[in-house]
Amino acid sequence: RALLARNPAHEGASLVVAAAAPWLRENHGLFPAHVRARAAKLLRLGQLFVREARFVGEEIALLDVWPLVMAHALGRSMPARLVLHAARGPRRAQRQDHLA
């Protein structure tokens, strides 16, 4: 950060700082593929929530806060296996564990 403070145009320093930051739309491409896949699923989930009757009149508020929800739900250290299991659903993931 010190290098970036001295020279804001330094591309390398900017990239390192962006890569260390929590998930944002702007640094999405710097995350591992399995985290980006989970981000896509969370975006779709947010869109489904917005369409639910219980959120009528609150759609904008939900869309405003959803990136914060995603930043808390996504991290670089998230194991790829967790993402795959979440995508399959609990029953199917459990069956796969017994086969391994």
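This passage looks at helix α4, a surface patch on it and a salt bridge in a predicted model.

Helix α4 runs over residues 59-73. With 15 residues, α4 stretches 20 Å from its first C-alpha to its last, close to the 21 Å expected at 1.5 Å a residue. The helix isn't quite straight, though: α4 bends by about 35 degrees at Val 65, and a proline, Pro 67, turns up within four residues after that point.

What does α4 bury, and against what? Its buried residues are Leu 62, Trp 66 and Met 70, and the partner they pack against is α3 (33-51). As for the spacing, an α-helix has 3.6 residues a turn, so residues three or four places apart point the same way.

Then there is the surface. Val 65, Leu 68 and Val 69 make up a nonpolar patch there, and together they offer about 230 Å² of accessible area. Val 65 thus has two roles in this account, as a patch member and as the site of the bend. Leu 68, which lies in α4, counts as exposed because its relative accessibility is 53%, and the cut-off for exposed is over 50%.

Charge pairing is a short story here, as the structure holds one salt bridge. The side chains involved belong to Glu 52 and Arg 54, and they meet at 2.8 Å, N to O. In general, side chains of opposite charge can pair when their charged atoms come close. Glu 52 is partly exposed, because its relative accessibility is 31%, whereas Arg 54, at 59%, counts as exposed.

Definitions and conventions: Residues numbered from 1 in each chain as written. Predicted model: local features only at pLDDT ≥ 70, side-chain atom pairs only at ≥ 80, totals over all residues. Heavy atoms only, no water. Patch = residues over 30% accessible without salt bridge, like charges linked within 9 Å, V, L, I, M, F, W, Y side chains within 5 Å. Areas by Shrake-Rupley, 256 points an atom, 1.4 Å probe, with all protein chains shown as cover. Salt bridge = Lys/Arg side-chain N within 4 Å of Asp/Glu carboxyl O. Helix = DSSP H or I, 4+ residues; strand = E, 2+ residues; numbered from the N terminus. Buried < 20%, exposed > 50% of the residue type's maximum accessible area, 1.4 Å probe, protein only. Expected span 1.5 Å × (residues − 1). Bend = angle between axes of the 7 residues up to and from the residue. Contact = heavy atoms within 4.5 Å.
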